Amino acid sequence: METLYISLIVLLFFLAIADLVVGVSNDAVNFLNSAIGSKAVPMRTILIVAGLGILAGAVFSSGLMEVARKGIFNPELFFFDEIIIIFLAVLITDILLLDFFNSLGIPTSTTVSVVFELLGAAVVISLLKLYETGEGFASLEQFINVQKASEISLGILISVFVAFIVGAAVQFVSRLVFSFDYHRKLKYIGGLYGGISLSAITYFILLKGTNSITFLDQNIIEQVLENKIWILSLSFVFWTLMSQLLIQVFKCHILKVIVVIGTFALALAFAGNDLVNFIGVSIAAWQSFLLWQEAFLASGVLPSEFLMDGLSGEVQTPVFLLVTAGAIMVVTLWFSSKAQYVVQTGVNLGRQGEGQERFQPNALSRTVVRYSVFVGQTFSQVLSEPIQDKINSRFSYPEKAFEYKKGVAKPAFDLLRASVNLVLASILITLATSYTLPLSTTYVTFMVAMGTSFGDRAWGRESAVYRVAGVFNVIGSWIATAAIAFTAAGLLSLVIWFGSYYAIGVLLLIALFSIVRSAIRHSKRAKYEREHKKFNKTDIITINEMTKESSENIVKIISGVNDLLLDVVNNLGYHDLSRLKKSLKTQEELELTIDELKDNIFYYIKSLEDTNVEASKFYVLTLDYLQDMVQSLAYITRSSHTHVSNNHKNLKFSQIRDLKSVQRDLDEVYGELVKAFQSSEFDSIEQLITDEKKVLDKISDLLQKQIDRIRDTENSPKNSKLYFGILLETKNLTKTSIALLELFKEYYEEARQEF
């Protein structure tokens, strides 16, 4: 029996490692968002600083392990075997839940997930105990720490609104003071700004450390806590003088210093606060096992007879476990692509200016934006025009406000907003900690970032409806986190209760399969995004680059059209519905590619180094022709799928043969066309046009041939409709590709001068 439980404890620690990996991927947004979004320092430096913060925070986190052992339920009322069931259900649920949200790229709260998982599992086990003993369910509250769970939930909910409102207000005032052209003012008041910011961050680090470090002398901790005001005052004076010295003497960018130190501080807070969410459950299980093992060796007490009174006391976590956990978190931070994917959600929602939006608007976001615009217009009428003009001038930003090099993507927002994000998040977390108020570091940092982006007018009329929809989607996922965590953990604990070790084995296999499948899907998505990576909108584009970009687009779309046309004709010949469904998915990807290219037209033309109208017109017309080709193929694909899905008669062998003949001719032409554009050798364009005109003649002959069939032998109107539709759309597709080649031929002479 002892060996069996040792195996379960080992399993729990392996699950804890998996939980660390998915947890860091989720929570990286907490401390990386501002540094990555502002590009304050190189990515390598950001990761090194964040890694040091995580290691320091991991050591600080020992005192916070209590919540996993006794914060949500009363352990003295549970037997050892029941406690192990609760912890197993919690860890399996947590891994699956966090990995699911990581795959969506949505940051959620590991605090909320583990709290509600513990609550859900403990509630179900308590109900089962009450049922077996015949007690009424009214006694449930003696097992569950309802007050603590309610405090955590309410505190987290309030912190979301406070973080957004404070972030918006402080960023608005900061921008009024500094504007986007803040470099000159920083020479004079940068020291004061640095003093305020860095002293707040320093106090934040000290408070987090003294509240958590277990190996510090108690007198030192008391001295720190009793002299908060003096420490804060001295810190302010020191950092103000140091900041001014860095600015004036060393010509150092004080905002970069604030962002780097702030990133370290939030990484420390993340590890200090949230490490319990990943390994606290496993450590609690291990400590439970040690308590039972001691009793078992002494008196032979069984797991189902040993109450877990010992978990109610103070139990320290070995430092080596904390350091090991911190090291795993650092490695994950460096190598997890999902962590970067989650971070990009926060960065994109808060970026300054327009661009590709990830979230689609919904009725709620449209309503909120509509009324917000109305309120803003009403409020603006109260202010005089000179005041409005003065305020607006502080929010107009020149391109030089963002420091970047050619070939490097423009920062999502500037260093001023990044520093405000970090300082405000630190202050809010510090205040909550000092008053022992529960909060989620993920929710606070994310909502501060959203508040500052709103206060910075980053959500303009062109993007507001998408950004607001994104924020609502993220908040909705937070609510879903609590509900799913409670329900899933409760369900898993029920399964383990009745299924015993067999159920544990099955659940582990399901969890492993789910994580592997998620990793494969994420890898495919990442590969797709790399292949469809858009041009850098910040770079100046030459006529030469315009030609190259257009050639790449033509190759990409025509190759896709050619391959898909072959698949559709073959699948139609086999009357294969499942393959036609795959063709539909491929068609949707082609349409999405065209939409993304057309979304960038404004930025592409605006970035041209030349005001050449013909070059801009050429690019627009090229995309328009490519879109027409994709639309023609869309009709062919969807009508073929509908025909087969409705179980209409197969096309006749002669009809399929004729369609394949046309497809083969187009395949030869498109193959040569792709080679020409890939090699930038366009001398064969004239011959390609001639070949495509021959295909048009062939299609005309086939149309006449089908008309004759109808008059003589054809008796299926559905077949005729489909066949005519495919031929006519293939004809349109061919005409469009001819028009595209003629356009490129006309433009080629001018483009060649650039080569």
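**Helix packing, buried polar residues and a pocket in a predicted model**

Helix H12 is largely enclosed by the rest of the structure, because ten of its 14 residues are buried. The structure described here is a predicted model. The buried residues of H12 are Lys-338, Ala-339, Tyr-341, Val-342, Val-343, Thr-345, Gly-346, Val-347, Leu-349 and Gly-350. H12 comprises residues 337-350, and its end C-alpha atoms stand 20 Å apart, in agreement with the 20 Å that its 14 residues should span at 1.5 Å a residue.

The protein chain as a whole contains 24 helices and zero strands. Of its 755 residues, 52% are buried. When contacts between residues at least 6 apart in sequence are considered, 86% join residues at least 24 apart.

Contacts of this chain include those of Ser-25, a residue of helix H1 (residues 2-38). Ser-25 has a relative accessibility of 3% and therefore counts as buried, the cut-off being under 20%. Residues up to four places away in sequence being set aside, Ser-25 touches Asn-102, Thr-332, Ser-336, Lys-338, Ala-339 and Val-342. Three of these partners, Lys-338, Ala-339 and Val-342, are themselves among the buried residues of H12. Although Ser-25 and Asn-102 are 77 residues apart along the chain, 6.8 Å separates their C-alpha atoms.

Thr-93 belongs to helix H4 (residues 80-104). Thr-93 is likewise buried, its relative accessible area being 4%. Beyond residues up to four places away in sequence, Thr-93 touches Glu-117, Ala-485, Ala-488, Ala-489 and Leu-492.

In helix H21 (residues 613-645), attention falls on His-643. This histidine has a relative accessible area of 5% and is buried. A polar atom of the His-643 side chain lies 2.7 Å from the backbone oxygen of Lys-649. Lys-649 also appears among the contacts of His-643, which, with neighbours within four places in sequence left aside, comprise His-575, His-648, Lys-649, Lys-718, Asn-719 and Leu-722.

Helix H9 (residues 228-248) consists of 21 residues and extends 30 Å from its first C-alpha to its last, close to the 30 Å expected at 1.5 Å a residue. Buried positions in H9 are Ser-235, Trp-239, Thr-240, Ser-243, Leu-246 and Ile-247. These residues lie on the same side of H9 because they cover an arc of only 135° around the axis. The exposed residues Trp-230, Leu-234 and Leu-241 are carried on the face of H9 turned away from its buried side. Tryptophan and leucine thus occur on both of these faces, with Trp-239 and Leu-246 buried and Trp-230, Leu-234 and Leu-241 exposed.

The second largest pocket has a volume of about 1,200 Å³. Its lining is formed by 31 residues, and those nearest the centre of the pocket are Ser-372, Gly-376, Phe-454, Arg-457 and Trp-459. Two or more lining residues are contributed by each of helix H6 (146-178), helix H13 (363-382), helix H14 (385-394), helix H16 (441-455) and helix H17 (464-531). Of the contributing elements, H13 gives the most to the lining, with nine residues.

Note on methods:
Residues are numbered from 1 along each chain as its sequence is written. This is a predicted model: local features need pLDDT of at least 70, side-chain atom pairs count only at pLDDT 80 or more; totals for chains, interfaces and linings use all residues. Side-chain values use heavy atoms; hydrogens and water are left out. Helices (H or I, at least four residues) and strands (E, at least two) are DSSP runs, numbered from the N terminus. The expected span of a helix is 1.5 Å times one less than its number of residues. Buried means under 20% relative accessible area, exposed over 50%, partly exposed in between (1.4 Å probe, protein chains only). The arc is that of the directions from the helix axis to the C-beta atoms. A polar contact is a pair of N or O atoms within 3.5 Å; within protein, one must be able to donate a hydrogen and the other to accept it, and residues adjacent in sequence count only if both atoms are side-chain atoms. Contact means heavy atoms within 4.5 Å. On a 1 Å grid over the protein atoms alone, a cavity is a set of points where a 1.4 Å probe fits but cannot get out, and a pocket is an open set with protein on both sides within 12 Å along at least five of seven lines; lining residues have an atom within 4 Å of a point. Grid points are joined across faces, edges and corners, and a volume is the space filled by probe spheres set on the points.
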